Amino acid sequence: MNKIKRHIKSIVLAFMVLSSSCALHAAPNSLYFMHDLPYKMYMNPALQPDSVFATYVELPVISSTSVGLNAGGVSMYDVMQPSADGLVPVTNPNYQGKDEFYNSLKNTTRVNTSFSTDIFGFGFRLKTKGYLSFNLSLRGSVSAGVPKDMFKLLMYGTPDADGVNNFDWSLTSSTLNAYLDFSGGYSRKINDKWNVGGRIHVLTGLASASASFDEFGLAASTSQWTLTNRGRLQYSIPGVRFALDENGMITGVSSDMDASDIIGSLGGGLAFDVGAEFKPLKGLSVSLSFADLGFLYYKGNVMSSNGEASFDGVPIENLDEFTVNVADSIGALFADGFTYEQREQGFANMLNAKMYIAAEYKFLRDMMSVGLLSKTEFNTSFVEQEITLAYTVRPCRWFGFLASYSFFSGGFNTLGLGMTISVPGINLYVVTDYLPMYYSAEGIPFRSSALNVQAGLVMTFGGRWKK
């Protein structure tokens, strides 16, 4: 326990640094404009593959694996500055531009990570107007909310040496979700101008945990530091349950469960996608869709804490040593200073619903196109938006190339790229919205606050090659 406490600061900084160099949401927005692939149907169920094949088959892992993370606009350069002596962390007094960085922070910096991989999938045409598709995939996400006052303590310590320094951390939050998604979708051409479609998802929850606070704050003076904590943790993780003693103190984590207990901790849920596509002019299409409208329900556990605890003041001669001591003391309070209550209670997690609005114009016999996509993601506590501009080139029937730029997360430091190679029986692809453009001497994308990538190989059958 003591070793863990001593390294809390290092873990926090590493988490901030790693999250600043990785990516946003697992499915890149640029997939919407890659026409020889089935994945745009998972963003808008009204769309149909433009490729010549009549049937596609997705194989486990190799057909689609995507990863992503977004650091809420905070890049590695913001928390670790390169210098002649190496990287300078934001906690170091030699860090340059500390005030500018702190003032640029939002009240909460949200770090979102995601992962998905296909287990199996296939799709095929129904006569000339319909397209039916099925998919089974594994999806996971981890997110955290870091309040601005957390940076304040790490960066400035306790500047008021005579009074009380107050830090409000009540916006701190974290969420973990992992689930299986089995879905079936159908797209229908109503006429030459309209396509409509829908998809239903049957969900099996594998693990879920989320923590939030109604009150979480630190009052620090030279003589005494007081931590107030009124929080809630709800979780359902197979084989995991916190063990409490008669006084409500955490004594460990119990994992002595049989198969029935593990199966009983699995969640279940449903979700829906709906979409439409309109083609008012030759070469021009406009589309709208709503995806992931649904929830997951778990028979889980809820653990709550409500208390106040204090420890002696911490010296501030050295800021790095100061933050180590603070992390050590706060970690001790959570382990030994608070009492907890735990009860079995079901809870529901809403999926992050998404709205896609897109327009695309194809020209030169569909060899080129320009597209604009707006993606809005709705969380229970916040809304995120991204706008992606894409340009695609298909100079021949077996090769396609895409270049894109995403405005809100790109920060003029990334560029989207995609490529497809289509030959009879195989469609190979790779795509990203946030390819870093600037790297440190060590090869680290230190100016990027977002990065994502999806790649795979899809089997295709039937159809005819276009001339």
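## A walk through the model

Start with strands E3 and E4, which form a hairpin with two residues between them. Strands here are DSSP runs of at least two residues, helices (H or I) are runs of at least four, and both are numbered from the N terminus. Before you go on: this is a predicted model, where local features need pLDDT of at least 70, side-chain atom pairs count only at pLDDT 80 or more, and totals for chains, interfaces and linings use all residues. Residues are numbered from 1 along each chain as its sequence is written, and side-chain values use heavy atoms, with hydrogens and water left out.

Back to the hairpin: select 80–83 for E3 and 86–89 for E4, and you'll see them pair in the antiparallel sense over four bridges. (Two strands pair if DSSP finds at least two bridges between them.) Click glutamine 81, and its bridge partner in E4 is valine 88.

Next, select 148–156, helix H5, where Lys148, Asp149, Phe151, Leu153, Leu154 and Met155 are buried. Buried means under 20% relative accessible area, exposed over 50%, and partly exposed in between, with a 1.4 Å probe and protein chains only. Just after H5 comes glycine 157, with a positive phi near 70 degrees.

Stay with lysine 148: its charged end sits over the ring of tyrosine 102, 4.8 Å from the centre. Lysine 98 does likewise with tyrosine 156, at 5.9 Å from the ring centre. The rule asks for NZ of Lys or CZ of Arg within 6 Å of the ring centre and within 35 degrees of the ring normal.

Now show the aromatics. Rings of Phe, Tyr and Trp (its six-membered ring) pair if their centres lie within 6.5 Å; planes under 30 degrees apart are stacked, over 60 edge-to-face, the rest tilted. That rule gives 19 aromatic pairs. One is phenylalanine 120 with phenylalanine 122, tilted, at 6.0 Å centre to centre and 50 degrees between the planes. Phenylalanine 120 is partly exposed at 40% relative accessibility, and phenylalanine 122 is partly exposed at 29%. Add Phe124 and Phe134 to your selection, and you have one aromatic cluster with Phe120 and Phe122.

Then jump to tyrosine 405 and phenylalanine 407: their ring centres are 5.2 Å apart and their planes at 85 degrees, so this pair is edge-to-face. Which of the two is buried? Tyrosine 405 is, at 16% relative accessibility, while phenylalanine 407 is partly exposed at 40%.
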